[in-house]
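Biologist: Could you take me through the sheet in this model, strand by strand, and then show me what lies against it?

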Amino acid sequence: MTLVLVSGVNGFVAVEVLMSLLKRGYDVVGTVRSESKTAYLREKFNDAVANGQLKFAIVPDITAGGAFDEVLKQNRFGYVLHTSSPFFLDAKDVEKELLDPAIKGTKSILESIDKLAPSVKHITITSSLAAVGNHRTGAGLGYVYTEDDWCPVEWDEAIGNSYLGYLASKAWAERAAWDFVKDREPQFTITTLCPSMVFGPPEQKVQSMAKLIQSSTNIYNLFNGTAGPVYGIWGWTSSRDLAEAHVLSIERAEAKGQRYLIINGKHSPQYFANYIWKHYPKRAAEKNVTKPSDTLYPDGGVYDIDNSQSIRDLGMVYRDLDTMLKDTLAKFERLEAKAK
């Protein structure tokens, strides 16, 4: 079967991508920053490791020039899925913690593939709605985002603000990829996938419930009564659907040279609280979870997202919000029980 390189394979989305690839029969080499990062994955995917379907490569710093050279020299890849990019909103040094890893990491892997891996036919890059949305319009009342939209953030805004720095990291890394293809005309084609806030049951290693990724933390804190709904991002993406989109993007000819919004739809964080009260009433009362409310969106509404291109080209069939919440909260309960 075709060999696929997955960068940052121990991440929240990447583990879902890995699961989808292995299920489809692909052979995979996943990069991690240190050997210790492979322990959980070796145990979780022990059969795939044992039969050679899954292997690992160490790439300590994806921003370094030639970071991916060795793994590309040692393997003959057909496809590359570049999922490595930081997501946190409290960076102290925006350039070092957000902009460099995203932009230099993307340039580094593309340059190495172009130089050393003529067998690579296609690369899919995980971008974000952060690269699409306009932070200056707030909730964007009534606006419909499409693949033609780009975040207008500028350097002076980004460098002094962690949130805007994150938006810039996604937008500029994706633009760097498209500029690379335009300028170099390499042997490979690319696809970029732009999810919104990604929710779903965490399949990556969870050290503790206090160390979940940001999107999972938003739901878990609500489930645990330690925080209320977190507003600001109105689109949502299922981690499982995003993983499926990655695989479809290398299998569908229509995906070559395309950018896709991989977004299930709109959501209100208040709906999470409503769901918890409906399906976990005892826990909701004990934990003092935010009370149910029929008011889900600001007056006048919020932006919409057109995901029709992904449905048409990739054949995406998106999960609904209740399915995601059911699976995610059940996984939280299992993780809580395991931690006791």
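Modeller: Happily! The sheet is open and has seven strands, paired in parallel in the order β3-β2-β1-β4-β5-β7-β10. Here strands are DSSP E runs of at least two residues and helices are H or I runs of at least four, numbered from the N terminus; two strands pair if DSSP finds at least two bridges between them. The edges are β3 (54-58) and β10 (259-262), and each has a single partner strand, so one side of each lacks a neighbour in the sheet. On average, neighbouring strands are turned by 20° against each other, direction ignored.

A word on the source: this is a predicted model, where local features need pLDDT of at least 70 and side-chain atom pairs count only at pLDDT 80 or more, while totals for chains, interfaces and linings use all residues. Residues are numbered from 1 along each chain as its sequence is written, and side-chain values use heavy atoms, leaving out hydrogens and water.

Back at the β3 edge, five bridges join β3 to the parallel strand β2 (residues 27-32). Val 28 stands opposite Leu 54 in β3.

Now for the helices. Helix α5 (residues 94-116) lies across β1 (3-7), β4 (79-82) and β5 (122-126), running at about 170° to β4. Helix α9 (residues 239-251) lies across β1, β4, β5, β7 (189-195) and β10, and runs at about 160° to β5. These angles run from 0 to 180 degrees between N-to-C directions, with axes fitted as lines to C-alpha atoms, for helices over the stretch in contact (heavy atoms within 4.5 Å).
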